[in-house]
Amino acid sequence: MILNLDPKFAPILNQEEIQFQSFTFSGGEPHIKINPDFDTTQKVTITHRLNSFNDLGLLCITVDALRRMDVKIIDLFIPYFPAARQDRVMIKGESLSVKVYADIINTLQLNKVYVFDAHSEVTPALVNNCEVVPNHTFIQQVLKVIGENVKLISPDGGALKKIYKVSEFLGGIDVVECSKSRDVKTGKLSGFKVYEDDLNGIDCLIVDDICDGGGTFVGLAEELKKKNAGKLYLAVSHGIFNKGFEVLDCFDKIFTTNSVKDFEGESVQVIGLETLI
């Protein structure tokens, strides 16, 4: 049984859907009414895109409603784990936001929590019964579009472990390591480096989990071109793109999934999670 809290997001196919109604009271509180006409002895999987605390609130009251209907086994699929990037306290006065979300979700006592391409190992370490769905098949689908004669580009040290696993899954595609510097107080990026002398005109695919404003990838694209890169492609599991796509016009093609939101009429190719899971 599946309960898709976002009516536009149905990432798990071939399961019977549980019907419900949800709305927000005028005071701002989310509310839900679940149709009780289903077998409550079966496992229920909830899917949702958590882009706000109200989304988290809807999830919490949904689990409460299912418990009151005597549903015993509840799984959760949240592709983009909120605040996953805030997984360490860099300066005094910051919160460890990922732990705040994890602690709330842990109180729900879920059977399994599935996350797509977690930002770091911190998320699955904090979330009880967490299983990470890797980005391997996503990148495999990307290569079906652009071809396999590419180098995989790791934008920074944090992405290295994951990108080598992607390379292994794909049969050993070459990986180019890169780095950047970030001011922890201002967030400003600088010092992009590509640790290969000459890319010999070979096409390059930057692989990462999140694109927010895109500054990392624009800076890295400039350095890759200086190292004689061919066509430049970008594949990010979770596309936020808060500055739009014009700032990313240095890329021949951009790929993402529908883990955060839907994209219609935008300069990005979306590979739906329903085709990857």
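In the predicted model, helix α4 packs against helix α5 through a defined set of residues: H136, T137, I139 and Q140 in α4 meet K165, V166 and F169 in α5. By class, the residues of this contact comprise three nonpolar, three polar and one charged. Helix α4 spans residues 136-146, and its axis comes within 10 Å of that of α5. The two axes cross at roughly 60°. Angles from 35 up to 65 degrees fall outside the roughly parallel and roughly perpendicular classes. Helices α4 and α5 are therefore oblique to each other. Their crossing is right-handed.

A second helix pair involves α1 (residues 53-68) and α2 (residues 97-106). Here the axes come within 11 Å. The crossing angle is roughly 15°. Angles under 35 degrees count as roughly parallel, and α1 and α2 are therefore roughly parallel to each other. The crossing of α1 and α2 is right-handed. On the α1 side, the contact is made by F53, L56 and C60. On the α2 side, Y101, I104 and I105 take part. The residues of this contact are six nonpolar, with no polar and no charged members.

Pockets were examined next. The largest pocket holds about 1500 Å³ of space. Its lining consists of 41 residues. Of these, R85, H119, D156, K180 and D209 lie nearest the pocket centre. Several secondary-structure elements contribute to the lining. Helices α5 (160-169) and α6 (215-226) each supply at least two residues. Strands β9 (175-182) and β11 (203-211) likewise each supply at least two. Helix α5 thus links the two topics: α5 is in contact with α4, and α5 also contributes to the lining of the largest pocket. By class, this lining has twelve nonpolar, 13 polar and 16 charged residues.

The second largest pocket holds about 160 Å³ of space. M1, I12, Q15, K43, T45, D75, F77, Y114, V133 and I277 line this pocket. The class composition of the lining is six nonpolar, two polar and two charged residues. Among the nonpolar residues are M1, I12 and F77. The charged residues are K43 and D75, and the polar ones are Q15 and T45.

Notes:
Residues are numbered from 1 along each chain as its sequence is written. This is a predicted model: local features need pLDDT of at least 70, side-chain atom pairs count only at pLDDT 80 or more; totals for chains, interfaces and linings use all residues. Side-chain values use heavy atoms; hydrogens and water are left out. Axes are lines fitted to C-alpha atoms, for helices over the stretch in contact, and angles run from 0 to 180 degrees between N-to-C directions. Helices (H or I, at least four residues) and strands (E, at least two) are DSSP runs, numbered from the N terminus. Angles under 35 degrees count as roughly parallel, over 145 as roughly antiparallel, 65 to 115 as roughly perpendicular and the rest as oblique. A crossing is left-handed if the near helix is turned anticlockwise from the far one by less than a right angle, and right-handed if clockwise. Contact means heavy atoms within 4.5 Å. On a 1 Å grid over the protein atoms alone, a cavity is a set of points where a 1.4 Å probe fits but cannot get out, and a pocket is an open set with protein on both sides within 12 Å along at least five of seven lines; lining residues have an atom within 4 Å of a point. Grid points are joined across faces, edges and corners, and a volume is the space filled by probe spheres set on the points.
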